[in-house]
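Okay, thanks everyone, let me get the viewer up. I'll go through a few backbone details and then step back to the chains.

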Amino acid sequence: MKLPSMAAAIVSISIVALLSGVAVGQNSLVYVSFLTGLKSGGTNIYQISQGGAQLVGTLDVGGGGPVAVDAQQNAYVIPADWDSGLYQLTTNVYRYAPGSTQGTQLFKVDNLGAAAMTIGTDGTVYVAGSVPESDTYVVAKFTPPAYTQQTLSISQNPRYPTGISVDASGNLFVGWMDSFKNIPIDKCGTGCITELPAGQSKWVTRLQDLAANAMAAGPFVTSDGSLIFWTGGDGRFNYIETVPSGKTYPSSLAQLPPTPFGGKNISLAYNASGKQLWETGVGFAGPLGTNVYGINYPSGHTAISFPVDSPSNLIFITGIGVSPANFP
Amino acid sequence: MIRLSFWPPVVLLMLGTFIGAQAAGPVKSDLTGASNTSLLYVGLFNGQTVNVYRVPQNEGPIQQILDGVSNITGDLAVDKSQRLYATSNAVMVYPRGGLVPALRYNFADQHQPPLVAGTAIGSDGTLYTAMYGDGLVAAYLRGTQQRASLTIPTPSGTTAWAVAVDAQDNVYIEYAAAPYPSTGHIEKCAPGSTQCTDLGITLNAAGNHLAVDLQGNLIACDQLAAKIEIFPPGSNQPRVISQGLVGCPNFALNASEDLLYVANQPHDGNNHGVSIFDYASGALVGSITAGIPSDDLIIGVALSPVAH
């Protein structure tokens, strides 16, 4: 079922959007996944157009963590399955064809809560997340058609995945927020980006906690091997950094205001044109009414913002995606 | 587990209050202008920031360094390449105009957590740190952050408050018993040596910074007397700069060595901003208070470029 015919059937809400006049990604869809209960959630679909943002549909699956979009503009979402300790218990990935509200379950993995997800050009699903009620962090891939889990990394080091990205060659990058131990000795002490080079089994630290200090979201790898990511301190600063391939220091940095962006508790998506990032707060930094921001890259100018103000029982946002998404 | 809106334990350890950057929108990372533009860095403990000013323009901070610093707990220093060294438990290094750290000295070879007071950069890029908590000065060669190449203990019963290095790589250590106030002394150590000679200088209380100008004059702060004291080579009789000072824990001399910037602050805080003195005459010629709340603690003053 296509979205335009669905729009009348659902509560379609005109979103009060702030459009600054700066070019935004036209005719793109922004997916916002949200939680309404420990076992319930959904995913709002916003159409971005010249007039702003409009809610055009809501998937009845979502709230289980991140959102991803593949090269064919299929959306991947995860249903809520939280325990009372706010640990997501399963990674149960559904795929939605462009514009459809009828999803297909691809696979379900127990004992893994996804925090970041991306899709390779061949449809492989990459997930970074944690084992519930533990400090065990996992990076795994699921290759179609069987989507059997292949664990790429498992660690007791309590870092939190902020994003995952794969380039055309299959090099995989994972962003990590704060290690809680060995500070300040650990080179991932306050954030880092690790890389699993294509065809290899040994991870390397692509960026340690200097350029990647205060890691908040990302990275996104680009076609020239640069990494784009967000660093932030709640109420203090928000930087969009770009670090070229082979370098360890940003070649450019956009400084955004310390507010209203969510500091560290954010989710980020990168559009196909490579000219826009989409940001929103997640977790307790993403309650009902939280804004979504379309931010021009690399300038950092906010081009559009709109609140996520439905459904009324939204507890908090868990992830954001954009279609078409960027594929290096 | 989803990220919730709490700070992880490492951040909860931070003390003081936040003062967020006031940027109105996205800006370029480097607002500092041409490399020959003089910059003043002022470290603020509560603000958890290093304010960056263009000088001698009398304007507010042009940007704030926030990433990589929590509370500024020790000195600031600048090397010949105009890199800023900011002490926030670890010493974080920023390229000129940089807002994110490029290098970190975490003192893994010292007692944890490290407690660094004064810092100085040698002509070869060696970082010298007065390890207040350990009663020694540690030297880290450029590019070697993991292990000190030299440690110089201070005399028994004292600890290191400040350190300076001259063009010949002689090291000067300001030491006193802890806590404040205790009588301060200064010793001179030959390059690469732990053999030091007391210079016969007595301070009512040590400051947090020490410097040597191009003529070899030693610049120290008598914090209890609120006086900058300038000792000619071989002398323990100082020239004094004190006009309007209520304290002088940190200071910096500009590259042409005609202006001295002093954190005008008594030991218990309540700063009066940064006072600017004509170095030759000692006359007060200006002050900077913009961006420096009077109830904050100035810990660290540095200028870029440095004289060399």
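Let's start at a turn in chain B. The hairpin of β12(B) and β13(B) has 5 residues between its strands, and one of them, Asp169(B), takes a positive phi near 70°. Keep in mind throughout that this is a predicted model.

So, what are the two strands doing around that turn? β12(B) and β13(B), the latter covering residues 171-176, pair in the antiparallel sense, with 6 bridges between them. If you want a pair to click on, take Val165(B), whose bridge partner in β13(B) is Val171(B). And is β12(B), residues 159-165, mostly covered or mostly open? Mostly covered: 7 of its 7 residues are buried.

Back to phi for a moment. Outside glycine, most residues have a negative phi, and peptide bonds are mostly trans. With that in mind, here are some other exceptions in chain B.

Gln82(B) has a positive phi, near 65°. You'll find Gln82(B) in the loop that runs between β4 (76-78) and β5 (84-88) of chain B. Is Gln82(B) buried or partly exposed? Gln82(B) has 17 C-beta neighbours inside 10 Å, so it counts as partly exposed; the buried class would need 20 or more.

Then there's Phe107(B), again with a positive phi, near 55°. Phe107(B) sits in the loop between β7 and β8 of chain B. Here the count is 27 C-beta neighbours inside 10 Å, and therefore Phe107(B) counts as buried.

Stay in that loop, please, and scroll along to Pro113(B), which also lies between β7 (103-105) and β8 (116-121). The peptide bond leading into Pro113(B) from Gln112(B) is cis, with omega near -10°.

Chain A has a cis bond to show you as well. Going from Ser323(A) to Pro324(A), the peptide bond is cis, and omega is near 0°. Where does Pro324(A) sit? In the segment after β25 (316-323) of chain A.

While we're in chain A, let me show you one residue inside a strand. Val127(A) belongs to β10, residues 125-130. Val127(A) has 28 other C-beta atoms within 10 Å, which is why it's buried. Which residues does Val127(A) touch, once you leave aside neighbours within four places in sequence? Those are Thr91(A), Ala114(A), Met117(A) and Ala140(A). As for backbone spacing, the C-alpha atoms of Val127(A) and Ala116(A) are 5.7 Å apart, with the two residues 11 apart along the chain.

Okay, zooming out to whole chains. Chain A comes out with 1 helix and 25 strands, and 57% of its 328 residues count as buried. Chain B has 1 helix and 24 strands, with 53% of 308 residues counted as buried. If you take contacts between residues at least 6 apart in sequence, 48% of those in chain A join residues at least 24 apart. For chain B, that share is 46%.

Last thing, confidence. Chain A has a mean pLDDT of 89, and 89% of its residues reach 70 or more. Over residues 1-24 of chain A, though, the pLDDT is below 50, and that stretch has 50 contacts in the model beyond near neighbours in sequence.

That's my tour, happy to go back to any of these on the screen.

Notes: Residues numbered from 1 in each chain as written. Chains lettered and ligands numbered in written order. Predicted model: local features only at pLDDT ≥ 70, side-chain atom pairs only at ≥ 80, totals over all residues. Helix = DSSP H or I, 4+ residues; strand = E, 2+ residues; numbered from the N terminus. Buried ≥ 20, exposed ≤ 12 C-beta atoms within 10 Å, placed from the backbone. Contact = placed C-beta atoms within 7 Å. pLDDT = per-residue confidence, 0-100. Pairing = 2+ DSSP bridges.
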